[in-house]
Amino acid sequence: MKHISIVGLGYVGIVTGVCFADIGFKVTFTDVDAQKVEMVQRGVAPIYEPGVQEKLAMHVKEGRIEADTNTAEAAAKSSVSFITVGTPSVGGRIDLSGVKGAARDIGRGITDKDEYHVVVIKSTVIPGTTEEVVIPIIEEASGKVEGKDFGVCVNPEFLREGNAIRDFMKPDRIVIGYKSEKALKIVEELFRKIKTTFVKVDLRTAEMIKYANNSFLAMKVSFINEVANICELFGVDVETVAHAIGLDFRINPKFLRAGCGFGGSCFPKDLRAIISASKEKGYRPILLEATLSVNEKQPLRMIELAKETIGDLRGRRIAILGLSFKPGTDDMREAPSIKIVRNLLEEGARVVVHDPKAMENAKRIFGDEVEYADTALSALKGAECGMIVTEWDEYRKLSLRDIKEMMKVPVIIDGRRIINPKEAEQLGFTYRGIGFGRRV
Ligand SMILES: NC(=O)c1ccc[n+]([C@@H]2O[C@H](COP(=O)([O-])OP(=O)(O)OC[C@H]3O[C@@H](n4cnc5c(N)ncnc54)[C@H](O)[C@@H]3O)[C@@H](O)[C@H]2O)c1
């Protein structure tokens with residue numbers, strides 16, 4: 001049985017590990033965060049992602065998954081090491097300290113190994129990073145030579161949080177960047193049971209594909225958000241427009257839902273990173289800059305809609321439904337909810353928040369500046385405005401009658417367009433939604 005080590009116990013690492021264990025490999029996770037390692041050793045997932053907890057507990061119990069803080073040791077006893085550490089944005093530039101640390105530890109781990117080792121970079125990194133940064137570090141730390149003693153591949157990850165296991169097992173394609181056929185063969189073999197299209201390219205093309213992919217999706221979201229803002233001016237509903245243009249197969253309906261902006265650990269930081277890296281090479285990517293700038297303003301549309309509807313927000317009780325950057329995750333990194341809540345607080349509003357999964361993360365961000373509600377309905381109790389910020393299914397299922405009974409003033413600002421405006425208005429709500437233009 002092949003033994004895989006995975007460096008970095010975040011969303012990508014843990015999903016990769018439990019899925020490889022499902023396929024039948026032995027997996028050793030490592031992380032610098034001893035608390036995460038200790039949780040995994042007990043079979044407890046350090047992040048929320050549907051299906052992960054059950055799989056992790058089972059594989060730990062059956063001895064297929066283990067966790068440690070020692071990356072070098074894990075590399076020494078495995079034959080393939082995946083780097084899945086974070087590549088955050090610091091001052092707009094990519095921070096490679098995690099990747100460098102992981103590469104150094106893996107290098108130290110394989111120093112005395114006789115067997116050929118493969119290192120796979122799954123973290124999102126700027127084109128050229130694997131060749132110019134990762135390989136030299138591993139060679140220096142191990143005293144070994146790439147292509148002879150060890151091989152390196154780039155395997156960008158395209159999973160969507162909330163659907164991550166499905167996306168790993170049934171991906172649209174698997175991209176493998178490689179330098180030597182030997183390393184490519186070994187990585188291909190790991191994915192043998194996954195039926196999809198394999199795109200085999202050189203290392204820096206694989207790195208670029210990930211940025212192009214995220215940039216396009218982010219651009220699509222900002223595009224429809226801009227269209228939504230224009231629709232409001234002309235008394236047009238963006239939902240109808242998006243439906244019609246989505247039927248054009250050249251456009252396609254995915255990522256064409258107007259709302260209060262994108263967030264998460266990838267789109268914003270990846271766009272900033274590729275913009276900054278392009279500028280360093282003398283090119284200014286204005287389309288990508290515009291994508292980010294539309295997105296920065298979009299959450300504030302919620303505040304404008306609230307003010308247009310109920311006036312001054314000072315002292316007004318406002319309920320926020322949804323804090324995670326999207327449904328199905330507890331991840332609040334760069335979530336639009338953060339900007340919305342902070343702006344409401346600046347306006348002097350009294351903010352009460354609810355989320356089915358992200359309350360613990362929210363407490364770390366907002367402390368005692370906001371009130372935390374156990375249920376969506378209790379958040380709406382006594383509120384003069386309810387804002388839908390994340391499209392959790394449980395919010396779709398709420399009865400508008402129950403909501404109306406709870407609220408002091410029945411005003412809904414729908415940042416994700418999950419409520420039927422006609423139905424809401426028939427029940428006496430004042431309904432405002434992103435891109436829901438009305439004739440005046
Ligand atoms: N989250 C996603 O949906 C997603 C999707 C595709 C690609 N990615 C990319 O995958 C990478 C990982 O993302 P994530 O969201 O899983 O990250 P994360 O921040 O959730 O987790 C990263 C983990 O790496 C650990 N770490 C950092 N440096 C380390 C080191 N030197 N040795 C051992 N552990 C170390 C951290 O302690 C942390 O637990 C990033 O490059 C990201 O851009 C993420």
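# Notebook: ligand shell, two sheets and some loop residues

I began at the ligand, where a backbone N or O atom of Val12 lies 2.9 Å from one of the ligand's oxygen atoms. The model I am reading is a predicted one. I then looked for other polar atoms beside the ligand. A polar side-chain atom of Lys36 is 2.7 Å from an oxygen atom of the ligand. On the backbone of Ala102, a polar atom sits 3.5 Å from a nitrogen atom of the ligand. I also looked up how far the ligand is covered: on its own it has 840 Å² of accessible area, and the protein covers 88% of that.

**Entry: the shell.** I counted who stands around the ligand. The ligand is surrounded by 26 residues, and the closest are Asp31, Lys36, Thr87, Glu161 and Lys269. Lys36 thus appears both among the closest residues and as the side chain with a polar atom at 2.7 Å. I sorted the shell by residue type and got nine nonpolar, 10 polar and seven charged residues. Which helix gives the most to the shell? I found that α5 does, with three residues. Helices α1, residues 11-23, and α5, residues 97-110, each supply at least two residues of the shell.

**Entry: the eight-stranded sheet.** I traced an open sheet of eight strands in the order β3-β2-β1-β4-β7-β8-β9-β10, and its pairing is mixed. Why does one side of β3 and of β10 lack a neighbour in the sheet? I noted that β3 (65-68) and β10 (197-201) stand at the edges with a single partner strand each, so one side of each is left free of a neighbour there. On average, neighbouring strands of this sheet are turned by 25° against each other, with direction ignored. At the β3 edge I followed one pairing further. Strand β2, residues 26-30, pairs with β3 in the parallel sense over four bridges. I picked out Thr28, whose bridge partner in β3 is Glu66.

**Entry: the six-stranded sheet.** I found another open sheet, with six strands in the order β13-β12-β11-β14-β15-β16 and parallel pairing. Its edge strands are β13 (371-372) and β16 (430-433), and each of them pairs on one side only. Inside the order I checked β14 (residues 385-388) against β15 (residues 411-414): they pair in the parallel sense over three bridges. Ile388 stands opposite Asp414 in β15.

**Entry: helix α13.** I asked which residues of α13 are buried. In this helix, residues 300-310, they are Arg301, Met302, Ile303, Leu305, Ala306 and Ile310. I kept in mind that an α-helix has 3.6 residues a turn, so residues three or four places apart point the same way. Directly after α13 comes Gly311, with a positive phi near 80°.

**Entry: the loop between α10 and α11.** I looked for residues with positive phi that are not glycine. Asn252 is not a glycine, yet its phi is positive at about 70°. I located Asn252 in the loop between α10 (238-246) and α11 (267-280). Is Asn252 buried or partly exposed? Its relative accessibility is 31%, so I put Asn252 down as partly exposed. Phe255 also has a positive phi, of about 60°, without being a glycine. Phe255 has its place in the loop between α10 and α11. With 34% relative accessibility, Phe255 counts as partly exposed.

Technical notes. Residues are numbered from 1 along each chain as its sequence is written. Side-chain values use heavy atoms; hydrogens and water are left out. A residue is near a molecule or strand if one of its heavy atoms lies within 4 Å of it. A polar contact is a pair of N or O atoms within 3.5 Å; within protein, one must be able to donate a hydrogen and the other to accept it, and residues adjacent in sequence count only if both atoms are side-chain atoms. Accessible areas come from the Shrake-Rupley method with a 1.4 Å probe; for residues, only the protein chains shown count as cover. Ala, Val, Leu, Ile, Met, Phe, Trp, Tyr, Cys and Pro count as nonpolar, Asp, Glu, Lys and Arg as charged, and the others, Gly among them, as polar. Buried means under 20% relative accessible area, exposed over 50%, partly exposed in between (1.4 Å probe, protein chains only). Two strands pair if DSSP finds at least two bridges between them. Axes are lines fitted to C-alpha atoms, for helices over the stretch in contact, and angles run from 0 to 180 degrees between N-to-C directions.
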